[in-house]
Amino acid sequence: QVQLVQSGGGLVQPGGSLRLSCAASGSIFSINAMGWYRQGPGKQRELVARVTSSGSIRYADSVKGRFTISRDNAKNTVYLQMDSLKPEDTAVYYCNVDSMDGLKRLRDSWGQGTQVTVSS
């Protein structure tokens, strides 16, 4: 089992900033990729940003230049710095981790989700 604990999020005015964190623990031998997804009201879950073990980063076009993903390998933690937030960024944000346990089994794990609301 892999446990993901998310923190951060909340209510912010347009143009403001928030930082999300997600710490992974449990049966982890290695982490292949860590990322963030979001699901807005009435929308499907979508990729926001993802970083692989090699450092390759992918962003959704809608957040490029505003959001920054980073990871601390020593702490098995991924961060999402969100700047210049817009009302359309309002969503529940989910952490996702692709990992391998000691028996070389692949695991796809999700965090509990955290609400981000951008509103004046």
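In the predicted model, L20 is located in strand β3, which comprises residues 18-26. The relative accessibility of L20 is 0%, and this residue is therefore classed as buried, the cut-off for that class being under 20%. Leaving aside residues up to four places away in sequence, L20 touches S7, G8, G9, W36, V78, Y79, L80, M82, Y93, T114 and V116. One of these partners, G8, is separated from L20 by 12 residues in sequence, while the C-alpha atoms of L20 and G8 lie 4.5 Å apart in space.

The strand that holds L20 belongs to a protein with 11 strands and 0 helices. Read along the sequence, the order of elements is accordingly β-β-β-β-β-β-β-β-β-β-β. Among contacts between residues at least 6 apart in sequence, 55% join residues at least 24 apart.

As regards overall dimensions, the radius of gyration of the protein is 14 Å, which agrees with the value near 14 Å for a compact globule of 120 residues. The C-alpha trace spans about 50 × 25 × 25 Å along the principal axes of the protein.

Of the 120 residues, 42% count as buried, and L20 is buried as well, at 0% relative accessibility. The protein exposes an area of about 6300 Å², of which carbon and sulfur atoms supply 47%. With respect to charge, the protein carries 14 positive and 9 negative side chains. The centres of these two sets lie 3 Å apart.

Definitions and conventions
Residues are numbered from 1 along each chain as its sequence is written. This is a predicted model: local features need pLDDT of at least 70, side-chain atom pairs count only at pLDDT 80 or more; totals for chains, interfaces and linings use all residues. Side-chain values use heavy atoms; hydrogens and water are left out. Helices (H or I, at least four residues) and strands (E, at least two) are DSSP runs, numbered from the N terminus. The radius of gyration is taken over C-alpha atoms; the globule rule is 2.2 Å times the number of residues to the power 0.38. Buried means under 20% relative accessible area, exposed over 50%, partly exposed in between (1.4 Å probe, protein chains only). Contact means heavy atoms within 4.5 Å. Accessible areas come from the Shrake-Rupley method with a 1.4 Å probe; for residues, only the protein chains shown count as cover. Lys and Arg count as positive and Asp and Glu as negative; His and the chain ends are not counted. The place of a charge is taken as NZ of Lys, CZ of Arg, CG of Asp or CD of Glu.
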